[in-house]
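Here are my notes on the model you sent. Please read them with the structure open beside you.

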Amino acid sequence: MNDHRAGKASLGQLLEDFDADRKVTNAANSIDRQADAAGVQRNVEQLIATGAVGLNLEDSTSSTELFPRDVAVARVAAVRRAAEATGIPIVLNARVDVLVRGGTRDDAIDRANAYLEAGADVIFM
């Protein structure tokens, strides 16, 4: 699959590349997209329509900052709503970056549990 590090490619380009890769591999694909909080549900619905069956969602806004907890939880919930709206049972892997950003173990566990409650299937720490 084409490399779209840190979500720097436009969503349109990502979707085109993903669709091309999916047609070549003819297999289930997983896609990693760091979308802004605004529009995450719409973006995920478009990714699902292109054939995505799994998503990795980070709680980092940059290499040093995390989304506020409530915003990160809302982003996870938006991905789950997109899956439900499309009827595709995608796998949502919510990445918890608290420890690598200098946070505490308790904060990481709190976020992980909140993400699971919001609809994440898997947690990556």
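1. Start with Ala114. Leaving aside neighbours within four places in sequence, Ala114 is in contact with Arg69 and Val73. This is a predicted model. Ala114 sits in helix 4. Its relative accessibility is 9%, under the 20% cut-off, so Ala114 counts as buried. Along the chain, Ala114 and Arg69 are 45 residues apart. In space, their C-alpha atoms are 8.7 Å apart.

2. Next, the helix pair behind those contacts. Helix 3 spans residues 69–86, and helix 4 spans residues 105–118. Their axes come within 8 Å. The crossing angle is roughly 30 degrees. Angles under 35 degrees count as roughly parallel, so that is the label for helix 3 and helix 4. The crossing of helix 3 with helix 4 is right-handed.

3. Which residues in helix 3 and helix 4 meet? From helix 3 come Arg69, Ala72, Val73, Val76, Ala77 and Arg80. From helix 4 come Asp110, Arg111, Ala114, Tyr115 and Ala118. By class, this contact of helix 3 with helix 4 has 7 nonpolar and 4 charged residues, with no polar ones.

4. Helix 3 also packs against helix 2. Helix 2 covers residues 40–50. The axes of helix 2 and helix 3 come within 8 Å and cross at roughly 45 degrees. That angle lies outside the parallel, antiparallel and perpendicular ranges, so helix 2 and helix 3 are oblique to each other. The handedness of this crossing is right-handed.

5. The residues in that contact can be listed by helix. Helix 2 brings Val40, Gln41, Val44, Glu45 and Ile48. Helix 3 brings Arg75, Ala78, Val79, Arg81, Ala82, Ala83, Ala85 and Thr86. The contact of helix 2 with helix 3 divides into 8 nonpolar, 2 polar and 3 charged residues.

6. Now look around the axis of helix 2. Val40, Asn43, Val44, Leu47, Ile48 and Thr50 are buried. They cover an arc of only 160 degrees around the axis, so they lie on the same side of helix 2. Arg42 and Ala49, on the other side of helix 2, are exposed. Val40, Val44 and Ile48 are among the buried residues, and they also meet helix 3.

7. Check the backbone where helix 2 ends. Gly51 comes just after helix 2. Its phi is positive, at about 120 degrees.

8. Is Asp97 buried or exposed? At 3% relative accessibility, Asp97 counts as buried. Asp97 lies in the loop between strand 3 (91–95) and helix 4. Not counting residues up to four places away in sequence, Asp97 touches Glu58, Asp59, Ser60 and Leu66. The partners of this buried acid thus include Glu58 and Asp59. I would look at this site on screen.

9. Finally, the whole chain. How many helices and strands are there in the protein chain? There are 4 helices and 4 strands. From the N terminus on, the order is α-β-α-β-α-β-α-β. The protein chain has 125 residues, and 42% of them count as buried. Take the contacts with a separation of 6 or more: residues 24 or more positions apart account for 67% of them. The pair of Ala114 and Arg69, 45 residues apart in sequence, is one contact between such residues.

Methods:
Residues are numbered from 1 along each chain as its sequence is written. This is a predicted model: local features need pLDDT of at least 70, side-chain atom pairs count only at pLDDT 80 or more; totals for chains, interfaces and linings use all residues. Side-chain values use heavy atoms; hydrogens and water are left out. Axes are lines fitted to C-alpha atoms, for helices over the stretch in contact, and angles run from 0 to 180 degrees between N-to-C directions. Helices (H or I, at least four residues) and strands (E, at least two) are DSSP runs, numbered from the N terminus. Angles under 35 degrees count as roughly parallel, over 145 as roughly antiparallel, 65 to 115 as roughly perpendicular and the rest as oblique. A crossing is left-handed if the near helix is turned anticlockwise from the far one by less than a right angle, and right-handed if clockwise. Contact means heavy atoms within 4.5 Å. Ala, Val, Leu, Ile, Met, Phe, Trp, Tyr, Cys and Pro count as nonpolar, Asp, Glu, Lys and Arg as charged, and the others, Gly among them, as polar. Buried means under 20% relative accessible area, exposed over 50%, partly exposed in between (1.4 Å probe, protein chains only). The arc is that of the directions from the helix axis to the C-beta atoms.
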